Amino acid sequence: MPKALVVSDEVDERLWTEAVRGCSVDLVIGAGDLPYDYLAFLSSALDVPCVFVPGNHDPDLSGYTRYGGLSMKDGFPTVWPGPAGGVNADGRVVDVAGLRFAGLGGSIRYNDGPNQWTQRQQARRARGLVRRARWRRRRDGRGVDILLTHSPPLDLGDRADPPHRGFACLHRTIDVLRPKWLLHGHIHPHGEPVPDRVVGETRIRNVVGHRIMEFS
């Protein structure tokens, strides 16, 4: 069973030291709003891959293409601002450490910052993600293990204030893809217990902060 260090939104300074090497995991999973240097450090110190989606406070990674070690934008070589060696799952279906991820980063649009989407925009992105996941399943018979998002589904762990409303389109995405897990950040518990929610075959978990998880 792959074991992961799952992080989101809140930096744990104890992990940003060599002490993190004591964690025995197979990968790092980031659900957004963390310094990319933090994700890169965790991945490097643990010598494991990192898969992530950007949050609404993260730099815009759209428009970049990567071939081997070369990053390109607008046809010119450039420095990729994301975490070194990290796999950006936003809008993509990716296989990392034996797990299949489908990713949708960002939050509901509430100002002009990056990685923010209206309900309609995110619904369009979700439909594209579903098409890609279905195509991959037709090719190899494998479904999605983890739907990795920054924001939660609407009315499933979100908040009433505009910046923290969830996305309605995630309900259909769950229904169609039937992942074992939906992992999200964005909603800070502030010390309150946050129970998992279960929709059909999918367990929804708020991963703000950090935790170790095993995936069967």
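1. Two strands count as paired if DSSP finds at least two bridges between them. In this predicted model, strand 1 (residues 3–8) and strand 16 run antiparallel and are joined by six bridges, and within this pairing Val7 stands opposite His210 of strand 16.

2. Strands 1 and 16 belong to an open sheet of five strands, whose order is 7-3-2-1-16 and whose pairing is mixed. Its edges are formed by strand 7 (87–88) and strand 16 (209–214), each of which pairs on one side only.

3. The axes of helix 2 (residues 119–140) and helix 3 (residues 169–177) come within 9 Å and cross at roughly 10°, and the two helices are therefore roughly parallel to each other. Helix 2 contributes residues including Ala126, Val130 and Ala133 to the contact, while helix 3 contributes, among them, Cys169, Val176 and Leu177; the contact residues divide into seven nonpolar, two polar and three charged.

4. Of the 14 salt bridges in the structure, one joins the side chains of Arg125 and Asp90 (2.8 Å, N to O). Arg125 lies in helix 2 and Asp90 in the loop between strand 7 and strand 8 (93–96), so the pair ties together parts that are 35 residues apart in sequence. Both Arg125 and Asp90 are buried.

5. The salt bridge of Arg178 with Glu201 (3.9 Å, N to O) offers another setting, since both Arg178 and Glu201 are exposed.

6. Arg100 and Asp95 also meet in a salt bridge (2.7 Å, N to O); Arg100 is buried, with a relative accessible area of 1%, whereas Asp95, at 37%, counts as partly exposed. Asp95 and Arg100 are linked with Arg136 and Asp140 in a network of salt bridges.

How values were computed:
Residues are numbered from 1 along each chain as its sequence is written. This is a predicted model: local features need pLDDT of at least 70, side-chain atom pairs count only at pLDDT 80 or more; totals for chains, interfaces and linings use all residues. Side-chain values use heavy atoms; hydrogens and water are left out. Axes are lines fitted to C-alpha atoms, for helices over the stretch in contact, and angles run from 0 to 180 degrees between N-to-C directions. Helices (H or I, at least four residues) and strands (E, at least two) are DSSP runs, numbered from the N terminus. Angles under 35 degrees count as roughly parallel, over 145 as roughly antiparallel, 65 to 115 as roughly perpendicular and the rest as oblique. Contact means heavy atoms within 4.5 Å. Ala, Val, Leu, Ile, Met, Phe, Trp, Tyr, Cys and Pro count as nonpolar, Asp, Glu, Lys and Arg as charged, and the others, Gly among them, as polar. A salt bridge is a side-chain nitrogen of Lys or Arg within 4 Å of a carboxyl oxygen of Asp or Glu. Buried means under 20% relative accessible area, exposed over 50%, partly exposed in between (1.4 Å probe, protein chains only).
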